[in-house]
Amino acid sequence: MQNIIHPKLEKSINDWLKERFQGLKLPFYSSIDLRNSGYKIAPVDANLFPAGFNNFSEESKVTAAKLVKSYFEKQQYRKVLIIPENYTRNKMYIENVFAIEKILQMAGFETRIGLLSDETYNLIESYETIIKEGSLLKTKSGFVPDVVILNRDMTSHIPDTLKDVKQEITPNPLYGWHSRHKLKYFEIYEKLALEFCNELAIDPWLIFAFTENCNEVDFNDNLSLERIAAKVDHVLSLMRKKYEEYGIETQPYVFIKASNGTYGMGIITAENGDEILNINKKKRNKMNKIKEGVKINSVIIQEGIPTIDVFKNSPAEPLIYYIGDTPACYLYRCNDRKDVYSSLNSTDCEFYDIGRTIEEKLWNIVSKLAVLALAVELS
């Protein structure tokens, strides 16, 4: 896979990406989940409201702070309000919020952590209650932010307090999971991958995963299961053709994922459509609801990419964190309770900041293409 990008092409690739980014609204921050099988590498998730900043090394926090300062340089903002998730009893997540606060402070911003009045039951200390005066967000102490940074993905809805606010809110609440769907993103990414690979005269399948969607689903309804099973078999048939073309002997499989969720919730795998038709109660329940009790009514069926990456004797997958269009941190997500075919995003996983110890050009190219797709989606 490394051999598809010749060193002499790097300048052309960078110029192509730079040209495509021009005029687009860059996401403030994002994280890209990659899967690398050795024969291909592709993004399998792209998060506009990433957590996990508590896993950044001090060096990565310094890098992120410089990038944050540059991102807001033209606006000349000075005061920032961070609004975290509304289920903040998870200690690791709370550490993430404090890490974001530290990065912003290192970038020279005066910061506060704000909570809505009905969310002050959580475990975050030193928070301030948010109030809204007309279209102005402030805190009860009188802190008026220049910009509001969201670290909540709003799976179910946009709180009324965050509607019609005159300050900039980033990322835009309109792109929370209440309205955003994975399929649209992957359609944008696949189109960009086709354009990109046409320039390089390589097979775009090497950097994207086949993805189909299935709407209006209910895993307790047999007709829904039949439709999902048919989509599963269709994606597997596309994979088998590619496996035959490249002489790949691995058993093809797919992930079935909630189209509007993250945190590793609402994900199962299948090697054939019959597994969906005969799905057990445990998997039915897993595919019933996601975070905030939101019912799953739409899924994507995505090509499974077994990971070739191993770190600390565990299956691993790269996560690349971006500020704007620049990488800020390289993490490995590892899970010694999973195999190379599974989703590693579960409560058992661990994260390691690998910094520059693994210099992976393909990670940079594919993840930046994935961020470009986010920018297109936002614009």
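This passage describes a sheet, two nonpolar cores, a helix pair and one buried serine in a predicted model.

A good place to begin is the open sheet, whose 4 strands follow the order β9-β12-β10-β11 with antiparallel pairing. Its edges are formed by β9 (211-215) and β11 (267-270), each of which pairs on one side only. From one strand to the next, the twist averages 25°. Strand β9 is joined to β12 (residues 298-303) by 5 bridges, and the two strands run antiparallel. Within this pairing, threonine 211 has glutamine 302 of β12 as its bridge partner. A helix accompanies the sheet: α5, spanning residues 222-246, lies across β9, β10 (254-258), β11 and β12. Relative to β9, helix α5 runs at about 175°.

Attention turns next to the nonpolar interior. The largest nonpolar core contains 84 residues, and the members touching the most others are Tyr189, Phe219, Ile256 and Leu369. Helix α8 (residues 361-378) supplies the largest share of this core, with 12 residues. A second core, separate from this one, has 31 residues, including Phe28, Phe56, Leu104 and Ala328. Leucine 369 offers a closer look at the surroundings of one well-connected member of the larger core. Beyond its neighbours within four places in sequence, leucine 369 contacts Trp16, Leu17, Tyr189, Leu192, Ala193, Phe196 and Ile207. Tyr189, one of these contacts, is itself among the core members that touch the most others.

Several of the same names return in a helix pair. Helix α1 (residues 10-21) and helix α4 (residues 182-200) have axes that come within 11 Å and cross at roughly 145°. This crossing is right-handed. On the α1 side, the contact involves Ile13, Trp16 and Arg20, while α4 contributes Leu192, Glu195, Phe196, Glu199 and Leu200. Sorted by class, the contact between α1 and α4 comprises 5 nonpolar and 3 charged residues, with no polar ones. Trp16, Leu192 and Phe196 take part in this helix contact, and leucine 369 touches each of these three residues as well.

Finally, a serine in another strand deserves a mention. Serine 31 belongs to β1, which covers residues 29-36. Serine 31 counts as buried because its relative accessibility is 4%, below the 20% cut-off. Leaving out residues up to four places away in sequence, serine 31 touches Asp45, Ala46, Asn47, Pro50, Ile320 and Tyr321.

How values were computed: Residues numbered from 1 in each chain as written. Predicted model: local features only at pLDDT ≥ 70, side-chain atom pairs only at ≥ 80, totals over all residues. Heavy atoms only, no water. Pairing = 2+ DSSP bridges. Axes fitted to C-alpha atoms, helices over the stretch in contact; angles between N-to-C directions. Contact = heavy atoms within 4.5 Å. Core = buried A, V, L, I, M, F, W, Y, C linked by side-chain atoms within 4.5 Å. Buried < 20%, exposed > 50% of the residue type's maximum accessible area, 1.4 Å probe, protein only. Left-handed = near helix turned anticlockwise from the far one by under 90°. Nonpolar A, V, L, I, M, F, W, Y, C, P; charged D, E, K, R; others polar.
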